[in-house]
Amino acid sequence: MFSRERIELKSLDEVRVMRRAGLVVADALDAVRAAVRPGMTTADLDAVAAKVIADVGATPSFLGYQGFPATVCASVNDEVVHGIPGPRALEVGDVVSVDCGAIVDGWHGDSAVTFVLGPDGPLGLDAAAAPDPADALLVRATEAAMWAGIAALASAQRLNEVGAAVEAAVELAGEAAGVEYGIVEGYVGHGIGSAMHQPPDVVNYRVADRGPRLRPGMCLAIEPMVSRGAGTTRVLDDDWTVVTQDAARAAHWEHTVAILPDGISVLTARDGGAERLAALGVDVVAL
Ligand code: MG
Ligand code: MG
């Protein structure tokens, strides 16, 4: 069913299938984070995610999408999004973003994480443990901005309140860190459901256009991309990899979120987003 803006509204049963796809993506990203070590290639990470998805009989969303050749996007350091997995060997201190999508019974889940790689795997939240603490702060700031955008969905009337919440969170984190982060404006979140990318676009910054009214049945991918530099980007000659123009490092976090009659649920978070959203005063709906 589509509203006048051609936004697909999902039934509760359809959202429950999307939840299954979301948990497959969560499993794939968890497996990647558990496996990753210095010296592994981004193609190795892709194989880890591909196996998780294949083992449960789900389908990767990205493989073959407009010709994309892999299951995940792996974007390292100044790469923002859409990095193609390949022979690049990961090093301690790399900022690694992994984006993954999966399809279950025709319904999609889409999620991304970023971590700083340490000697034994992803470093935790202690910024001081990172070779460059500013990278760890960037990763945390971007994740916090994602959760702020998700939390806004719980009470917002209009879509532009999400971008406003994301931008405010990025500014707040920048002030706390004493830096000015650049929000990447050329790439956006999106509606998601029976296709990976659907209307509406979900920008990560303030806009005057209020956008569509938020309604139960909408499912949205909230995915801020933030850099330590200006945030302007270019695409490499592989026609996929998006890098920052100033070579500043960037981070990307994403979750797929459902708006339901009684609240929201984060379909790609194992706990539905309960822990992180409780800290922001938002209760989630159990599916
Ligand atoms: Mg994604
Ligand atoms: Mg997405």
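These legends walk you through a few close-up views of a predicted model.

**View 1. Helix 2 from end to end.** Helix 2 runs over residues 42–55. Its 14 residues, at 1.5 Å a residue, should span 20 Å, and this agrees with the 20 Å between its end C-alpha atoms. Just after the helix comes Gly57, whose phi is positive, near 75°.

**View 2. The two sides of helix 2.** Look for Thr42, Leu45, Asp46, Ala49, Val52 and Ile53, the buried residues of this helix. Seen down the helix axis, they fall within an arc of 125°, so they line one face of helix 2. On the other side you will find Lys51, Ala54 and Asp55, which are exposed.

**View 3. What the buried residues of helix 2 pack against.** Their partners include helix 1 (12–35) and strand 1 (59–60). Strand 2 (72–76) and strand 4 (95–104) also pack against these buried residues.

**View 4. The magnesium ion (ligand 2) and its donors.** Which residues coordinate the magnesium ion (ligand 2)? They are Asp110 (OD), His190 (NE2), Glu223 (OE) and Glu254 (OE), at 2.1 to 2.3 Å. Along the chain, these donors follow the spacing D-x79-H-x32-E-x30-E. Asp110 sits in strand 5 (residues 107–118) and His190 in strand 8 (residues 189–191), so to speak a link between distant parts of the chain, 80 residues apart. Buried or exposed, which are Asp110 and His190? Both are buried.

**View 5. Asp110 between two magnesium ions.** Here Asp110 bridges the magnesium ion (ligand 2) and the magnesium ion (ligand 1). The two ions lie 3.1 Å apart.

Terms used: Residues are numbered from 1 along each chain as its sequence is written. Chains are lettered from A and ligands numbered from 1 in the order in which they are written. This is a predicted model: local features need pLDDT of at least 70, side-chain atom pairs count only at pLDDT 80 or more; totals for chains, interfaces and linings use all residues. Side-chain values use heavy atoms; hydrogens and water are left out. Helices (H or I, at least four residues) and strands (E, at least two) are DSSP runs, numbered from the N terminus. The expected span of a helix is 1.5 Å times one less than its number of residues. Buried means under 20% relative accessible area, exposed over 50%, partly exposed in between (1.4 Å probe, protein chains only). The arc is that of the directions from the helix axis to the C-beta atoms. Contact means heavy atoms within 4.5 Å. Donors are N, O and S atoms within 2.8 Å of the metal (3.2 Å for Na, K and Ca); water is not among the atoms, so sites may look incomplete.
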